[in-house]
Amino acid sequence: MVEVNLQLSTPFQQFGGAPGAPVMGGFPGQAQDPLYGYFSGVAGQDGQISAEELQQCLTQSNISGGYKPFNLETCRLMISMLDRDFSHTMGFNEFKELWSVLNAWKQHFMSIDQDRSGTVDPQEMNQAIISMGYRLSSQAMNTIIKRYSTHGKISFDDYVACSIKLKTMTDLFRRRDQSQQGVASFQYDDFIQCTMST
């Protein structure tokens with residue numbers, strides 16, 4: 001059995017992240033929604049999009065603005081974050097939810113990119129993570145910076161991947177922290193499934 005200890009000092013915001021990210025529900029009248037054009041342009045007849053199709057859709061929509069397009073691994077993470085039916089694909093309502101979250105994360109990233117370089121440095125990333133409600137040790141922060149930075153700088157794509165990982169792993173941990181004391185027990189197989197699914 002693997003025991004993991006996590007200290008939580010503040011409640012987590014929806015999507016672990018961007019302050020003010022809305023919680024979206026179902027959406028009637030999909031055809032009238034301007035986002036539906038982006039979605040339907042790549043969705044198959046089943047009304048679902050894969051990670052590859054999501055990458056194409058987000059690139060065509062230019063949601064990342066002046067930042068580089070999302071890489072395929074980040075698109076896989078986006079789908080897994082919202083994949084409630086475990087289909088490894090995304091329907092339109094999930095896409096709308098993702099769109100709102102991405103816009104909120106983009107605004108948050110722009111607010112911490114104070115020098116407008118298109119990247120954030122480790123200190124800015126630390127502030128971003130704190131503002132999301134996470135309280136991590138300096139060792140954990142160093143691990144994050146090493147994992148998500150290139151030459152000490154974190155791009156928007158990597159910021160989004162990191163935000164998704166933090167949210168997903170925290171959700172998995174909290175579901176197993178029955179007493180809400182910051183301690184959870186995992187069977188080895190369960191631990192592997194949790195870490196590989198994020």
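A residue counts as buried when its relative accessible area is under 20%, as exposed when over 50%, and as partly exposed in between. The exercises below apply to a predicted model.

**Exercise 1. Determine whether Lys96 is buried or exposed, and state in which helix Lys96 lies.**

Solution. Step 1: Lys96 belongs to helix H4. Step 2: the relative accessible area of Lys96 is 10%. Step 3: the cut-off for burial is under 20%, so Lys96 is buried. Step 4: the C-alpha atoms of Lys96 and Leu35 are 7.3 Å apart, although 61 residues separate the two in sequence.

**Exercise 2. Compare the span of H4 with the expected span, and assess how many of its residues are buried.**

Solution. Step 1: H4 comprises 21 residues. Step 2: from first C-alpha to last, H4 reaches 30 Å, close to the 30 Å expected at 1.5 Å a residue. Step 3: 16 of the 21 residues of H4 are buried, so the helix is largely enclosed by the rest of the structure.

**Exercise 3. Repeat the analysis for H7.**

Solution. Step 1: H7 has 21 residues, and its C-alpha span of 30 Å is close to the 30 Å expected. Step 2: burial applies to 16 of the 21 residues, and H7 is thus mostly covered.

**Exercise 4. Describe the largest nonpolar core, naming its best-connected members and the elements that supply it.**

Solution. Step 1: the core holds 46 residues, of which Leu54, Leu58, Phe95 and Tyr159 touch the most other members. Step 2: two or more residues come from each of H1 (34–40), H2 (51–61), H3 (72–82), H4 (92–112), H5 (122–131), H6 (138–148) and H7 (156–176). Step 3: the greatest contribution is that of H4, with nine residues. Step 4: beyond four places in sequence, Tyr159 touches Trp105, His108, Phe109, Ile112, Met125, Ala128, Met132 and Ile154. In soluble globular proteins, nonpolar side chains tend to be buried together.

**Exercise 5. Identify the nonpolar surface patch that includes Ile192, and classify Ile192 by accessibility.**

Solution. Step 1: the patch consists of Tyr188, Ile192 and Met196, with about 360 Å² of accessible area together. Step 2: Ile192 is in helix H8, residues 188–196. Step 3: the relative accessibility of Ile192 is 32%, so Ile192 counts as partly exposed.

**Exercise 6. Summarise the protein as a whole.**

Solution. Step 1: the protein contains eight helices and four strands, in the order β-α-α-α-α-β-α-α-β-α-β-α from the N terminus. Step 2: 44% of the 198 residues count as buried. Step 3: the accessible surface comes to about 10,500 Å², with 52% belonging to carbon and sulfur atoms.

How values were computed. Residues are numbered from 1 along each chain as its sequence is written. This is a predicted model: local features need pLDDT of at least 70, side-chain atom pairs count only at pLDDT 80 or more; totals for chains, interfaces and linings use all residues. Side-chain values use heavy atoms; hydrogens and water are left out. A nonpolar core is a set of buried Ala, Val, Leu, Ile, Met, Phe, Trp, Tyr and Cys residues joined through side-chain atoms within 4.5 Å. Buried means under 20% relative accessible area, exposed over 50%, partly exposed in between (1.4 Å probe, protein chains only). Contact means heavy atoms within 4.5 Å. Patches are made of residues with over 30% relative accessible area and no salt bridge: like charges are joined within 9 Å, nonpolar side chains (Val, Leu, Ile, Met, Phe, Trp, Tyr) within 5 Å. Accessible areas come from the Shrake-Rupley method with a 1.4 Å probe; for residues, only the protein chains shown count as cover. A salt bridge is a side-chain nitrogen of Lys or Arg within 4 Å of a carboxyl oxygen of Asp or Glu. The expected span of a helix is 1.5 Å times one less than its number of residues.
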